[in-house]
Amino acid sequence: MSAQPEAYADALERAKMHALEWLASVPTRSVCPQSDVEQVLHSLDIPLPEESTDAVSVIDELVARADPGLMATESGRFFGWVNGGVLPVTMATDWLLTAWDQNTVLRLSTPATAALEETAARWLRDLLDFPRTADIGFTTGATMASFVGLASGRHYVLDRVGWNLARDGLSGSPRINVFVGKERHDTIDLVLRYLGLGAPIEVEADTQGRIIPEALAAAMEKTAGPALVCLQAGNLHSGAFDPFEEAIRVAHQRDAWVHVDGAFGLWAAASERYRDQVMGLSKADSWATDAHKTLNVPYDCGVAIVSRPEVMRTVFGMNASYLMPDLNGVGDPFEKVPELSRRARGVLVWAALRALGRAGVVSLVDTLGNNASAMAAELAAIPGVEVLNDVRFTQICLSFGNDQLTRTVTEKLISDGVVWMSGSRWHNREVLRISVCNWATDADDVSRSVAAVRSAYEWAVA
Ligand SMILES: *Cc1c(COP(=O)(O)O)cnc(C)c1O
């Protein structure tokens, strides 16, 4: 028997009701969860049920148990890590994707979602000005997108020196030197470990964390052989972009593959306003970004872009006899990502771009930047508050004079529940880090957030 709609209707209606209640509560509830994980575990502490329970009761119980432990990340006053909210059209699309349950492996088996993902890829190339030949895979996030880019680069640079990685593996291969800016994201180190490439060579960065091209040239001079260079579009603390034009020239002069981690910053390439900061970006060989950050689609959705599709498909393709591969040269969805079975997450990108259009993406990116600069300016005007970075994108780092005070303000701020901002360490100082990446943040959120910081600071020094 195939699935009968009645079997789903009640549970879906219930879920929709709870979803709308949740969304209605977001603007006014405390941004901070009301229960910690131990309290939620305690409320879930029953043995594995022996008997079955109907779907509606399970959905009700799920909501009752989860609600106190939910972080209001969709609030316009959530600025933790780099998360982003959810555009309405992408939330609805996400529901449909679940209803359709298309395992997007082959063009043959899931033509609709494969075509939607290919269309999203075409629009992304246009929007962000990537080479028309570049191919795109939709991963779980930027970490795996960097994995795709760097795995492609690893294959390419070894192939160029005559080493057959697929056949002979890494044991005994020529060493690949990997160069990274001192302030690359930690996930780059993680990816290099996944790839068996070991620890990278760190290159000096400037005050905003941008790699220094002369230092990159000097570091590369000292080594020979295959090389990968990792650059960054959007520093986690300062929001800064590496000087792509110069750094990529240096890297390419030495035949290195250049990968760019632009988890949240790559989207700046859509806007004229950031033109000078992303100059030369499209000359890299691979790029990683997230759609679940700046583009505000639900988790999880990363984007891996590789300039040489044949390399990407050599690395991620396979010839299993039971698969019915696409033979017209475009490549199947599974040849562009590490997974085989997966949801059609690229359709979320299609929906966001279809709804926003180019103008909407530009306005989204520019609004995030405007909110960040407005907030930074208002915060800098509070005596005792120091803005540590040059705020030219979406990130703000604050200090309140000394590390202890910065920690105290951060804790107080989070427990007050009006905003959520994360603590971090940057340039040997404790910082309060504000990451502006939610489409829903408006002028009122900005002023309430500034007021919340001011009041937590005044409480801490009183
Ligand atoms: C968030 C982030 C990552 C990791 O992305 P995931 O989607 O969590 O895998 C990598 N680099 C930067 C700069 C990030 O902000």
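How many cavities of 30 Å³ or more does the count come to? The count comes to 1 cavity. The model is a predicted one, and the tour below starts from that cavity.

**Stop 1: the cavity**

Select Q208, R210, S238, G239, A240, Q277, D390, R392 and F393, which line the largest cavity. The volume enclosed there is about 40 Å³. Colour the selection by residue class: the lining has 2 nonpolar, 4 polar and 3 charged residues. Rolling a probe the size of a water molecule over the atoms shows where empty space is left.

**Stop 2: the largest pocket**

Now select A15, A19, M91, D94 and W95. Of the 30 residues that line the largest pocket, these lie nearest its centre. The volume of the largest pocket is about 1,200 Å³.

Next, show the helices that contribute to this lining. Helix 1 (5-25), helix 3 (55-66) and helix 4 (88-100) each give at least two residues to the lining of the largest pocket. Which helix supplies the largest share of that lining? Helix 1 does, with 10 residues. Coloured by class, the lining of the largest pocket shows 20 nonpolar, 5 polar and 5 charged residues.

**Stop 3: the second largest pocket**

The second largest pocket has a volume of about 370 Å³. To centre the view on it, pick D129, A269, E272, R275 and V278, the closest to its centre among the 16 residues that line it. Then display helix 5 (111-128), helix 11 (275-278) and helix 13 (346-380), the elements from which two or more residues of the lining of the second largest pocket come. Helix 5 accounts for the largest share of this lining, 3 residues. The classes here are 8 nonpolar, 3 polar and 5 charged residues.

**Stop 4: the ligand**

Select the ligand and the 13 residues around it; T143, D261, D290, H292 and K293 come nearest. Three side chains are worth labelling in turn.

- T143: an N or O atom of its side chain is 2.5 Å from an oxygen atom of the ligand.
- D261: its side chain places an N or O atom 2.7 Å from a nitrogen atom of the ligand.
- H185: a polar atom of this side chain is 3.4 Å from a nitrogen atom of the ligand.

How much of the accessible area that the ligand has on its own does the protein cover? Of 380 Å², the protein covers 83%. With the shell around the ligand coloured by class, there are 4 nonpolar, 6 polar and 3 charged residues.

**Stop 5: an open sheet**

Switch to a cartoon view and find strands 8, 9, 11 and 10. In that order they make up an open sheet of 4 strands with antiparallel pairing. Which strands are at the edges? Strand 8 (386-387) and strand 10 (422-426) are the edge strands, and each pairs on one side only.

Zoom in on strand 10 and strand 11 (residues 429-435), which are joined by 5 bridges in the antiparallel sense. To see one residue pair, select S424 and V431: V431, in strand 11, is the bridge partner of S424.

**Stop 6: two backbone details**

Select Y299 and D300 and show the backbone atoms. The peptide bond that joins these residues is cis, with omega at about -5 degrees. Where is D300 found? D300 sits in the loop between strand 6 (286-290) and strand 7 (302-306).

Last, select D255, in the loop that runs between helix 10 (244-253) and strand 5 (257-261). D255 is not a glycine, yet its phi is positive, at about 60 degrees.

Note on methods. Residues numbered from 1 in each chain as written. Predicted model: local features only at pLDDT ≥ 70, side-chain atom pairs only at ≥ 80, totals over all residues. Heavy atoms only, no water. 1 Å grid on protein atoms, 1.4 Å probe; cavity = no way out; pocket = protein on both sides within 12 Å on 5 of 7 lines; lining within 4 Å. Points joined across faces, edges and corners; volume = space filled by probe spheres on them. Nonpolar A, V, L, I, M, F, W, Y, C, P; charged D, E, K, R; others polar. Near = heavy atom within 4 Å. Polar contact = N/O pair within 3.5 Å; in protein donor to acceptor, adjacent residues only side chain to side chain. Areas by Shrake-Rupley, 256 points an atom, 1.4 Å probe, with all protein chains shown as cover. Pairing = 2+ DSSP bridges.
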